[in-house]
Each structure stands twice: as structure tokens, then as C-alpha cells.
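Got a minute to look around a new structure? Take a look at the sequence and the model first, and then we'll walk through them together.

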Amino acid sequence: MVGYYDIDDIITEEEPVSVIFQEAVNGVGIDPSSEQNYVEQVSKVELPFWLASELRRRNVVVAHAPGCFNQKTRVELPVDPAL
């Protein structure tokens with residue numbers, strides 16, 4: 001469970017994640033400078049983790065892992081005794 005006042009959890013939730021929309025979505029204003037109030041299908045957008053996570057759960061977007069989380073990192077994480 002995340003800590004409500006834990007700054008590390010807050011920063012993690014705000015980390016931008018690259019996503020691609022699988023369907024067009026109306027009624028969203030992701031870019032405040034845009035006059036459009038929708039996102040077209042196959043649009044690539046950077047969203048905060050908390051939003052990307054929820055949209056992925058609903059099968060609206062496909063999320064991509066950040067570049068720093070490559071195959072080498074995935075192999076090294078489970079062998080770290082601190083984890």
C-alpha cells in the first residue's frame with residue numbers, strides 16, 4: 001500500500017509514461033494548450049503513471065516501459081539483496 005504522505009510514492013505516481021491509445025477517446029483534455037477535447041486512435045502521449053496505469057487496466061492504452069528499464073535492468077533487479 002502506498003503511503004499518502006510518502007514523497008517517494010508521490011513522485012513515482014507522477015513519473016511520465018509513454019502510451020499509445022488503442023481507441024479514440026472523447027471528453028479528455030490531455031494537452032491544455034490544445035483546442036481539441038479528444039485523443040485520436042494510435043496517438044502517442046506521455047501521461048503520469050497513475051493515469052497510464054488506470055487506462056491500461058481498462059484496455060484503452062498500451063504502455064511502454066521507460067528506456068532505463070531495459071532487459072539488463074530486469075535481470076539485475078531480482079538478484080539485488082536489498083530488494
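Here is a short tour, starting with confidence and ending with a few charged side chains.

Keep in mind that what you're looking at is a predicted model. Over the chain, the mean pLDDT comes out at 77, and 76% of the residues reach 70 or more. The elements don't all score alike: strand S1 (residues 16-21) has the highest mean pLDDT, at 89, while helix H1 (residues 7-14) has the lowest, at 70. Where pLDDT is low, the predicted coordinates shouldn't be read in detail.

Now for the charged side chains. How many salt bridges does a search of the whole structure find? It turns up 2. Start with Glu54 and Arg57, whose side chains meet in a salt bridge at 3.7 Å, N to O. Both residues sit in helix H2 (residues 49-57), and they are 3 residues apart, which is about one turn of the helix.

Glu54 has another partner, too: Arg58 forms a salt bridge with Glu54, and here the closest N and O atoms are 2.9 Å apart. Put the pairs together and you get one network, with Glu54, Arg57 and Arg58 joined by salt bridges that share partners.

So are these residues buried or exposed? Glu54 has a relative accessible area of 29%, so it counts as partly exposed. Arg57 is at 57% relative accessibility, and because the cut-off for exposed is over 50%, Arg57 counts as exposed. Arg58, at 59%, counts as exposed as well.

Definitions and conventions. Residues are numbered from 1 along each chain as its sequence is written. This is a predicted model: local features need pLDDT of at least 70, side-chain atom pairs count only at pLDDT 80 or more; totals for chains, interfaces and linings use all residues. Side-chain values use heavy atoms; hydrogens and water are left out. pLDDT is the predictor's confidence in each residue, from 0 to 100. Helices (H or I, at least four residues) and strands (E, at least two) are DSSP runs, numbered from the N terminus. A salt bridge is a side-chain nitrogen of Lys or Arg within 4 Å of a carboxyl oxygen of Asp or Glu. Buried means under 20% relative accessible area, exposed over 50%, partly exposed in between (1.4 Å probe, protein chains only).
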